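The points below follow the chain from its overall dimensions to its sheets and then to single residues. Please read them with the model open.

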Amino acid sequence: MDSRLIRIPLGPLESNMYLITGSSGVYIIDPSVSPERAEDYTKISGLSKGEASVKALFLTHGHHDHIKYISDWVKAYPSVQVFFSGNDSELLPNGFMNCSYMEGSEVLYSFKFTDLAGTDGQTVYKDDGIEIKSYETPGHTMGSLCFLADLGSDKMMFTGDTVFSGSVGRTDMPGGSSKLMMESVKKISKFDPDLKIYPGHGPGSTIGDEIKFNPFF
Ligand SMILES: [Fe+2]
């Protein structure tokens with residue numbers, strides 16, 4: 001299958017936006033970069049003009065630095081499906097809770113989404129050559145999700161701000177819980193040690209390397 005993963009680590013907090021370019025379309029995890037900047041970076045022609053068959057957006061959680069350009073993407077791709085946990089919905093209309101105040105101006109979000117609360121371990125998206133499962137991993141926020149993408153020949157997990165290479169996300173922000181974070185880490189540690197993980201900040205890793213080197217595992 002023709003699939004490629006592109007990581008765009010731009011933005012003031014270097015939040016990672018990921019694009020999976022598969023045979024059936026383009027899939028985005030965390031729209032933290034504008035369509036124009038993403039097109040510049042990836043060289044995917046027509047990406048910012050709604051011409052690149054972007055089919056679905058997966059949001060790992062409701063923090064501003066990860067969802068900043070959701071409206072621009074939905075505007076460019078009006079029929080795109082948005083997947084998000086309703087357990088983070090109270091963050092959206094609240095500049096303190098979604099942490100936009102940290103970047104100097106409070107941003108309130110309102111968008112339509114398919115609510116993934118309660119879908120732990122279920123397949124939430126399937127298209128030719130791609131299947132996405134959602135895992136509920138509260139701790140950084142109540143609605144934090146990890147997405148397992150199965151591309152046939154390749155599997156990868158997007159861990160948002162739950163697990164980083166060598167660390168885990170903060171638990172001291174609204175909705176955070178260190179107890180739930182530890183339970184989520186335990187859940188993630190049960191996956192195949194060879195499974196590649198792609199966090200919301202910083203470089204990728206594998207479950208096996210995190211078990212070896214991450215003090216929270
Ligand atoms: Fe976050």
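1. Cys99 counts as buried, because 22 C-beta neighbours lie inside 10 Å; the rule is that a residue is buried with 20 or more other C-beta atoms within 10 Å of its own, exposed with 12 or fewer, and partly exposed in between, with C-beta atoms placed from the backbone. The residue sits in the loop between β5 (81-84) and β6 (114-115). Its phi is near 70°, a positive value in a residue other than glycine. Most residues other than glycine have a negative phi. Helices (H or I, at least four residues) and strands (E, at least two) are DSSP runs, numbered from the N terminus.

2. On the basis of the work: this is a predicted model, in which local features need pLDDT of at least 70 and side-chain atom pairs count only at pLDDT 80 or more, while totals for chains, interfaces and linings use all residues. Residues are numbered from 1 along each chain as its sequence is written.

3. Asp30 also has a positive phi, of about 60°, although it is not a glycine. Asp30 lies in the loop between β3 (25-29) and α1 (35-42). Asp30 is classed as buried because it has 27 C-beta neighbours inside 10 Å.

4. Overall, the protein chain has five helices and 14 strands. Its C-alpha atoms fill a box of roughly 45 × 40 × 30 Å along the principal axes. The radius of gyration is 16 Å, which agrees with the value near 17 Å for a compact globule of 217 residues; the radius is taken over C-alpha atoms, and the globule rule is 2.2 Å times the number of residues to the power 0.38. Of the 217 residues, 41% count as buried. Among contacts between residues at least 6 apart in sequence, 58% join residues at least 24 apart, a contact being two C-beta atoms, placed from the backbone, within 7 Å.

5. One open sheet has six strands in the order β1-β2-β3-β4-β5-β6, with mixed pairing; two strands pair if DSSP finds at least two bridges between them. β1 (4-8) and β6 stand at the edges with a single partner strand each, so one side of each is left without a neighbour in the sheet. Within this sheet, β2 (residues 17-22) and β3 pair in the antiparallel sense over five bridges. Tyr18 has Ile29 in β3 as its bridge partner.

6. Which residues touch the most other members of the largest nonpolar core? They are Tyr18, Ile28, Leu57, Phe58, Trp73 and Phe147, in a core of 47 residues. Such a core is a set of buried Ala, Val, Leu, Ile, Met, Phe, Trp, Tyr and Cys residues joined through C-beta atoms within 7 Å. Leaving aside neighbours within four places in sequence, Ile28 is in contact with Met17, Tyr18, Leu19, Val54, Leu57 and Trp73.

7. A further open sheet of six strands has the order β7-β8-β9-β10-β13-β14, and its pairing is mixed. β7 and β14 (205-206) are at the edges, each with a single partner strand, so one side of each is left without a neighbour in the sheet.

8. At the β7 end, five bridges join β7 to β8 in the antiparallel sense. Tyr125 stands opposite Ile132 in β8. The two strands form a hairpin with two residues between them, and Gly129 in the turn has a positive phi of about 85°. β7 is hardly covered, with a count of zero buried residues among its six.

9. Strand β8 (residues 130-136) runs antiparallel to β9, joined by six bridges, and Glu131 stands opposite Asp150 in β9. β9 (residues 145-150) in turn pairs with β10 in the antiparallel sense over four bridges, with Met156 in β10 as the bridge partner of Ala149. The hairpin of β9 and β10 has four residues between the strands, and Gly152 there takes a positive phi near 85°.

10. Is β10 (residues 155-160) mostly covered or hardly covered? Five of its six residues are buried, so by the cut-off of 20 C-beta atoms the strand is mostly covered. β10 pairs with β13 (residues 196-199) in the parallel sense over four bridges, and Phe158 stands opposite Tyr198 in β13.

11. Ala117 lies in the loop between β6 and β7 (122-127). Ala117 counts as partly exposed because it has 16 C-beta neighbours inside 10 Å. Not counting residues up to four places away in sequence, Ala117 touches Ser85, Gly86, Asn87 and Gly143. Pro93 is 24 residues from Ala117 in sequence and 18 Å from it in space, C-alpha to C-alpha.
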